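Q: Please take a close look at one residue in this model. Then work outward from there to its surroundings and the rest of the fold.

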Amino acid sequence: MPMSQPGCVPGPGLRTGRFGSFGPGAGGSPSGPIVLVESYGDPAEAAPLLPGEERLVARAVPSRRAEFATARACARAALAQLGVAPAAILKGARGEPLWPAGIVGAMTHCAGYRAAAVARAADVVSLGMDAEPHLPMPGDGELGLVTVDEELRYLPELAARRPEVCWDRLLFSAKESVYKAWFPMTGRWLGFEDAVITPDPDAGTFTARLLVPGPVVGGKPLTGFEGTWSVQDGLIRTTVSVGH
């Protein structure tokens, strides 16, 4: 996957793509099972919130309400590509989005970017995605909270090889994507210390090795995840998909 420097950020507006394999930079396909819709900001045409969603941000500041509404507009646009009627996307006990029956998906939002990805559960077991500003973590204390010793040992090598990448932030984002894919399958918490992320600095991919027992998928215990990463337009984006 190509890694590009921050450039001209697209303006707000929903953009749709379909993918056979999930990830920033993955090849689009008109018939791919995964639909990704993204927006670089909050377009004026974003649909209003549906009943039940309003209470989730009733006390939020206007900027938070706007990004929440745009993320759900992205989700409904993605669902429409699968032929699913507009539906309120509420939250579960851990804040996870509650998708219509037979659908798996993930959402993310950060400064200047909102996105949602969905697929039919018959095609994909689970999805995870995350976007973060391409900036270093606030300090060593924060880094220590999200990494394990094995990751701390290889970070200097990655930084020397690709100094233009904020590898500490990438690790954080990858673990967020892994958790978003993990939780719908298990209903259990997964801590930052429960997985080891190993990025490929050239291919734009990463592996996540679980340090705790994983769910059974296709008759076999899941021992880890495979994902993708990219840096573009001042953002780090990571994705994970689990196939049958």
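Start with Phe19: is this residue buried or exposed, and what is its relative accessible area?

A: Phe19 is buried, with a relative accessible area of 11%. Buried means under 20% relative accessible area, exposed means over 50%, and partly exposed lies in between, using a 1.4 Å probe and protein chains only. This is a predicted model, in which local features need pLDDT of at least 70 and side-chain atom pairs count only at pLDDT 80 or more, while totals for chains, interfaces and linings use all residues. Residues are numbered from 1 along each chain as its sequence is written, and side-chain values use heavy atoms, with hydrogens and water left out.

Phe19 sits in strand β1, residues 15-19. Helices (H or I, at least four residues) and strands (E, at least two) are DSSP runs, numbered from the N terminus. Between Phe19 and Val35, the C-alpha to C-alpha distance is 6.4 Å, although 16 residues separate them in sequence.

Now the wider frame. The protein has four helices and 13 strands. It has 244 residues, and 49% of them count as buried. Contact means heavy atoms within 4.5 Å. Among contacts between residues at least 6 apart in sequence, 61% join residues at least 24 apart. The accessible surface is about 11200 Å², and carbon and sulfur atoms account for 57% of that. Those areas come from the Shrake-Rupley method with a 1.4 Å probe; for residues, only the protein chains shown count as cover.

Next, helix α1. This helix covers residues 62-81, 20 residues in all. Its expected span is 1.5 Å times one less than its number of residues. That gives 28 Å, and the end C-alpha atoms are 29 Å apart, which agrees. Many α1 residues are buried, including Phe68, Ala71, Cys74, Ala75, Ala78 and Leu79. Their cover includes β2 (34-39), β3 (90-91), β5 (103-110) and β6 (113-120). After α1 comes Gly83, with a positive phi near 80°.

Ile89 lies in the loop between α1 and β3. At 0% relative accessibility, Ile89 counts as buried. Leaving aside residues up to four places away in sequence, Ile89 touches a set that includes Arg72, Ala75, Arg76, Leu79, Trp99 and Met107. Ile89 and Leu49 are 40 residues apart in sequence, yet 9.4 Å apart in space, C-alpha to C-alpha.

What about the cysteines? Cys74 counts as buried, at 0% relative accessibility. Cys110 counts as buried too, at 9%. The structure holds zero disulfides. A disulfide here is a pair of cysteine sulfur atoms within 2.5 Å.

Turn to the aromatic rings. Five aromatic pairs are present. Rings of Phe, Tyr and Trp (its six-membered ring) pair if their centres lie within 6.5 Å; planes under 30 degrees apart count as stacked, over 60 as edge-to-face, and the rest as tilted. The ring centres of Trp167 and Trp229 are 5.4 Å apart and the planes stand at 70°, so this pair is edge-to-face. Trp167 belongs to helix α4 (residues 167-186) and Trp229 to strand β12 (residues 224-232), so the pair ties together parts 62 residues apart in sequence. Trp167 is buried, at 4% relative accessible area. Trp229 is buried as well, at 2%.

Tyr179 and Phe183 make another pair: centres 5.8 Å apart, planes at 40°, so tilted. Both lie in helix α4, four residues apart, about one turn of the helix. Both are buried. Tyr179, Phe183 and Trp189 form one aromatic cluster.

That leads to the cores. A nonpolar core is a set of buried Ala, Val, Leu, Ile, Met, Phe, Trp, Tyr and Cys residues joined through side-chain atoms within 4.5 Å. In soluble globular proteins, nonpolar side chains tend to be buried together. The largest core here has 29 residues, and those touching the most other members are Trp167, Val178, Trp182, Ile197, Phe206, Phe225 and Trp229. At least two residues each come from α3 (149-161), α4, β8 (195-200), β9 (205-210), β12 and β13 (235-243). Helix α4 gives the largest share, nine residues. Not counting residues up to four places away in sequence, Trp167 touches Leu155, Leu158, Ala159, Arg162, Pro199, Pro201 and Trp229. A second, separate core has 16 residues, among them Ile34, Leu127, Ala131 and Leu235.
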